[in-house]
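Colleague: Could you take me closely through one part of this model, one strand and its partners, and then set it beside the ligand site and a patch on the surface? I would like one connected account that I can follow with the structure open.

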Amino acid sequence: MLDGMKKSNAKLIAYGGFLAVAIAFPFISPNRYYLTVVTLGFIYAIAVYGLNLIVGYLGQLSLAQAGFFGLGAYVSGLLSLKLHLSFWISLPMAAVVTTLVALLVGLISFRTRGHYFVIFTLCIGVIINLVIEKWDDLTGGVRGLIGIPRPTSIGPIDFISLESQYYLVLFFLSLTIFVMSQIASSLVGRTFKSIRNSEELAATLGINVMRNKLLAFGIAAFFTGIAGALFAGYIRFIGPDISNPHLTFEFLLFLLIGGQATIAGPLVGTLIATGLTESLQFMQEYRMVVFGALLIIIVKFFPGGLVGAAMKLKTKIEKRMNKANKSVNAPSKGENHAAKNRGFN
Amino acid sequence: MNLLIQQTVNGLTLGSIYCLVALGLTLIYGIMEVPNFAHGHLYMVGGYVTFFMMTLYGLNYWVSAIISGIVLAVLGILLERLVFNPMRNSPSSNKFIAAVGAMLFLEASARVLWGSDFRSIPAIYDNVVVMGGVRLTEQRLIIIAGAVILMVALYVFIKHTMIGSTIEAMAQNRDGASLVGIDVNRVAMLTFAVASILASAAASLAGPIFLVYPGMGSLIIMKAFVIIVIGGMGSIPGAVLGSFILGLTESLGATYLSSNYKDVVAFAILVLILSIKPSGLFAKGAR
Amino acid sequence: MLLKTEALTKNFGGLTALNKVDFEIQESEIVAIIGPNGAGKSTFFNLISGYYPACSGTISFLGKDMTRTPTHEFACRGIGRTFQTTNLFTDSTVLDNLIIGYRSKTKMGMLDAIFNTSRARRDEGASREKATEVLEFIGLTEVKGQPVGNISQEAAKRLAIGLALVTEPRLLLLDEPAAGVNHGETNELAKLIKKIQQTGTTVCLIEHKVQMVMNLAHRIMVLNYGSKIAEGTPKEISNNERVIEAYLGGTAHA
Ligand SMILES: Nc1ncnc2c1ncn2[C@@H]1O[C@H](COP(=O)(O)OP(=O)(O)OP(=O)(O)O)[C@@H](O)[C@H]1O
Ligand SMILES: [Mg+2]
């Protein structure tokens, strides 16, 4: 009980700290360029949170995510550009359409298993990409959509300045993180993890595996769609490239750098990777050479990513400190416990 | 009518190229149980090696193609040693991610080393042959003939050499008792070498007609995946059949349906197949 | 009658792993299934727990036909099981395994999780309570915080049984619960199984340890090459000619 309270306190402090820094960032950022980079990083991070739910928690390697990102961006872009709908209508529409498409895709793809699932979702990603590129009349083909309107102002708040757009994106990012952490710590999130660990066992225990997979897939797509819509409203120019599977691979890289199946991982990974990319502009060409190799090294040696490595380090230190404590004041409660455990083994 | 024949020949050409790539992919899948995402990029590197051998060193087309095969065999073995062998005991999605990493690495390296321009392997067999009212370039016939010769060679290798039949045995029966005494490492390396040689041969044959560029592996690898899903992952005859089905469908589909959506056809076929039969067309085993 | 199978059959390719088996399980008894290796015992379990679909024949549970029911429904309707190779959620702790095991009895959904509704809190509380209760019952309270990778083989076997119990089954299927544990531990497990039956749960177990089966079971079914060759009380079975023959003639493993 006490432990739980400690944990939730630490969690609150972490969230508070992040929010404080994020809110202060436009004031302390030395130049506006950083602000644009971080805003874009936040948008990507929202999509990476979606991927984290599927790959990290549910354990299903879906490679359709850039397709969903592009879908969200194009739905929102087209609605506001062609039908002149308000951003506040086109954004939820983008999320809903993306979710519906994903549910349909999930209904078919989750009947396949293992490698078939990966290849299937990859093909869905390619199909979305190709349709966006070839459906010239609607999407403008390779020319893309130009001049997408800014997010519509709400009463006195407009989204013209860079800062205001930053805060808008930050709002959605915080919402995403909140929802994801609520899910992760609940029975629903544990159910996803149990499916990742053993689908057969989960089903034997009465868990409806298909329904849970669809649920996770739908939520992931929902946020990916939102990220796409935010991208369209922020960059205001979109081309078929944003639905290319290469973007999925980048999301995957961000996720793996940060740490899959952790709450901080997607944000940490995305910010570090996009930050590195920007600060190493001179070696832009070599970027994917480095990232490609990095991807292999991470999955081989650090499958938990940065956050996973940090957590491992923390438990190690705690263990060591516990040991030190114990040897000082001999038979403490912890010692008793440990002794019993040893007896059992 | 002539158009139909013309497009059929084009479909066979396309199918031949797909076949050489898909065969390697399915062999590797059979042995390692990993979809080698980087396979299309081995094809790409193969194309570049042949191209540079011809243009930089002025070598003959066939000599260049052979050198390219040798270089690729080495590259394939390196890939197996550095990426797939260390990942042998990792979860399958991690293997897949590592393969994606290798793919990104190869493509980016090609861009850095050779730029993003489109290049074309100099065509030396561009005479037109007229057969029964159909006009064909010699290169197309060479592609088809080359693919057939390589397929026969592969067949002989697998059926009539010790190591070849070991590969087949391993592909069909990964954890069976018959594997006692097989040097798994050697078989894995050899499989990568053979698969890479096939990919490089595909690129050398296709190079004069299609173009050589860093991204050329991305599309063909996806199609090769579609093919081996159609044919059953790990199955050799399935890969051959799937390749020609796809080549012909694309070629005829582009003519009679829509050339704009020609590339979508492959993926639509796959989605259709997996929607109806989630475990692939020629799935083995119960359940 | 709790469970009834009629002409239940399963083929794997050309192999008939289970051949037209008729069997009945009565409420609150302990029945055992024995037979040489490869006789089809686990396959029988896999069919009556919905893990594999049957090729032909029918399964009914509490009078309802279950032949075409999806896997997860079996647990919801009251059939719990363990696997021959101990199957646990290896990436979580002992307690968390049991908490997940109770999931099918809870109702909270996505929105409950996001808004941490009273239903979410109630479900989480109930899961924890149930898990703790089962932990106590199977005698693993002391290792509840351990990752399952750290516990002994015998503890893992108990946990697997607990995982099935947490779903509150009417019928519990145990596939070789005492395989690979020593004599003393086997007796402890037998006690646990007896205790489970006494709380009103019907138990059906597969076991090679003859002593344990003879002591525990009220009734025994013998399978050989996928077919039922005998059924009866332990006494009847131990005197049955065909059974003795099957064990001595086949790949004996008793
Ligand atoms: N999924 C499967 N695919 C193919 N064959 C299978 C499968 N499962 C079981 N079999 C075969 O069915 C037969 C019966 O197997 P089963 O596991 O039911 O035997 P068992 O009686 O439980 O044996 P044991 O005492 O060794 O556990 C065996 O020949 C086995 O090889
Ligand atoms: Mg068995």
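**A strand inside chain C, and what to compare with it**

Modeller: C:Ile33 has C:Ile206 standing opposite it in strand E8 of chain C, and please keep in mind throughout that this is a predicted model. C:Ile33 also has a bridge partner in strand E9 of chain C, namely C:Met221. These two pairs of residues belong to longer runs of pairing: strand E3 of chain C, residues 30-34, pairs with E8(C), residues 202-206, in the parallel sense over four bridges, and E3(C) pairs with E9(C), residues 219-224, again in the parallel sense and over four bridges.

The side chains of E3(C) can be followed face by face, with C:Ile30, C:Ala32 and C:Ile34 on one side and C:Val31 and C:Ile33 on the other, and both faces are covered, since every one of these residues is buried. Because five of the five residues of E3(C) are buried, the strand is largely enclosed by the rest of the structure.

From the strand we can turn to ligand 1, which has 14 residues around it, and of these C:Gly38, C:Lys41, C:Ser42, C:Thr43 and C:Gln84 come nearest. Helix H1 of chain C, residues 41-48, and strand E2 of chain C, residues 15-25, each supply at least two residues of this shell, and the largest share, three residues, comes from H1(C). Among the polar contacts, a backbone N or O atom of C:Gly38 lies 2.8 Å from an oxygen atom of ligand 1, while a polar side-chain atom of C:Thr43 lies 2.6 Å from an oxygen atom of the ligand. On a nitrogen atom of ligand 1, the partner is an N or O atom in the side chain of C:Tyr52, at 2.9 Å. Taken on its own, ligand 1 has 640 Å² of accessible area, and the protein covers 65% of that.

The surface patch lies on chain B, where B:Leu3, B:Leu4, B:Ile5, B:Tyr256 and B:Leu257 make a nonpolar patch of about 490 Å². Helix H1 of chain B, residues 2-32, gives the largest share of the patch, three residues, and B:Leu4 is found in that helix. B:Leu4 has a relative accessible area of 32%, so it is partly exposed, and this value meets the patch requirement of over 30%. The residues of E3(C), by comparison, are buried, which means that each has under 20% relative accessible area.

Definitions and conventions: Residues numbered from 1 in each chain as written. Chains lettered and ligands numbered in written order. Predicted model: local features only at pLDDT ≥ 70, side-chain atom pairs only at ≥ 80, totals over all residues. Heavy atoms only, no water. Patch = residues over 30% accessible without salt bridge, like charges linked within 9 Å, V, L, I, M, F, W, Y side chains within 5 Å. Areas by Shrake-Rupley, 256 points an atom, 1.4 Å probe, with all protein chains shown as cover. Salt bridge = Lys/Arg side-chain N within 4 Å of Asp/Glu carboxyl O. Buried < 20%, exposed > 50% of the residue type's maximum accessible area, 1.4 Å probe, protein only. Pairing = 2+ DSSP bridges. Near = heavy atom within 4 Å. Polar contact = N/O pair within 3.5 Å; in protein donor to acceptor, adjacent residues only side chain to side chain.
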